[in-house]
Amino acid sequence: MVRYKPNLIRSASPKYDKNSKTWLVDDAEDAKADGSESSAWDNKKELKQKNAPVLKWVRSGDKSDI
């Protein structure tokens, strides 16, 4: 089971299993995010969309749709 955890960076290493001919997760680990991770990324590019739609979320009094 995977749980959503904000401010967490999850990394995993794939491993190919020749017997079953499938990719498996060999190693997975979590690290706390501090907000400066993007400074270490290579090959970054900022994308902008002209006339991007504005989406508004509204919570109704009925909690069944949350």
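# Exercises on a two-stranded model

Leaving aside residues up to four places away in sequence, Glu29 touches Ile9, Arg10 and Ser11, where a contact means heavy atoms within 4.5 Å. Keep that little cluster in mind as you work along. The model is predicted, so local features need pLDDT of at least 70 and side-chain atom pairs count only at pLDDT 80 or more, while totals for chains, interfaces and linings use all residues. Residues are numbered from 1 along each chain as its sequence is written, and side-chain values use heavy atoms, with hydrogens and water left out.

## Exercise 1: The fold

Task: find how many helices and strands the protein has, and work out how the strands pair.

Solution.
- Step 1. Count the elements: there are zero helices and two strands. Both kinds are DSSP runs numbered from the N terminus, helices being H or I with at least four residues and strands E with at least two.
- Step 2. Place the strands: β1 covers residues 8–17 and β2 covers residues 22–32.
- Step 3. Check the pairing, which requires that DSSP finds at least two bridges between the strands. Here β1 and β2 pair in the antiparallel sense over 10 bridges.
- Step 4. Look at the turn: the two strands form a hairpin with four residues between them. Next to this turn, Asp17 has Thr22 in β2 as its bridge partner.

## Exercise 2: The surroundings of Glu29

Task: locate Glu29 and describe its links to Ile9 and Ser11.

Solution.
- Step 1. Glu29 is in strand β2.
- Step 2. Opposite Glu29 in β2 stands Ser11.
- Step 3. Ile9 is 20 residues from Glu29 in sequence, and their C-alpha atoms are 8.4 Å apart in space.
- Step 4. Glu29 counts as partly exposed because its relative accessibility is 49%; the classes are buried under 20% relative accessible area, exposed over 50% and partly exposed in between, with a 1.4 Å probe and protein chains only.

## Exercise 3: Salt bridges

Task: count the salt bridges and name the partners in each.

Solution.
- Step 1. Apply the rule: a side-chain nitrogen of Lys or Arg lies within 4 Å of a carboxyl oxygen of Asp or Glu. The count comes to two.
- Step 2. Arg10 forms a salt bridge with Asp30, and the closest N and O atoms are 2.8 Å apart. This pair links distant parts of the chain, with Arg10 in strand β1 and Asp30 in strand β2, 20 residues apart.
- Step 3. Classify these partners: Arg10 is partly exposed at 44% relative accessibility, and Asp30 is partly exposed at 38%.
- Step 4. Lys48 and Glu46 also meet in a salt bridge, at 3.8 Å from N to O. Both Lys48 and Glu46 are exposed.

## Exercise 4: Positive phi

Task: give the location and exposure of Lys21 and Asn51, two residues with a positive phi.

Solution.
- Step 1. Recall the background: most residues other than glycine have a negative phi.
- Step 2. Lys21 has a phi near 55° and sits in the loop between β1 and β2. Lys21 counts as exposed because its relative accessible area is 63%.
- Step 3. Asn51 has a phi of about 50° and belongs to the segment after β2. Asn51 counts as exposed because its relative accessibility is 79%.

## Exercise 5: Ser36 and the whole chain

Task: identify the polar partner of Ser36, then summarise burial and surface for the protein.

Solution.
- Step 1. Ser36 lies in the segment after β2 and is partly exposed, with a relative accessible area of 39%.
- Step 2. The side chain of Ser36 makes a polar contact with the side chain of Asp34 at 2.8 Å. Such a contact is a pair of N or O atoms within 3.5 Å; within protein, one must be able to donate a hydrogen and the other to accept it, and residues adjacent in sequence count only if both atoms are side-chain atoms.
- Step 3. Of the 66 residues, 0% count as buried.
- Step 4. The accessible surface comes to about 7400 Å², with 51% belonging to carbon and sulfur atoms.

Terms used
Areas by Shrake-Rupley, 256 points an atom, 1.4 Å probe, with all protein chains shown as cover.
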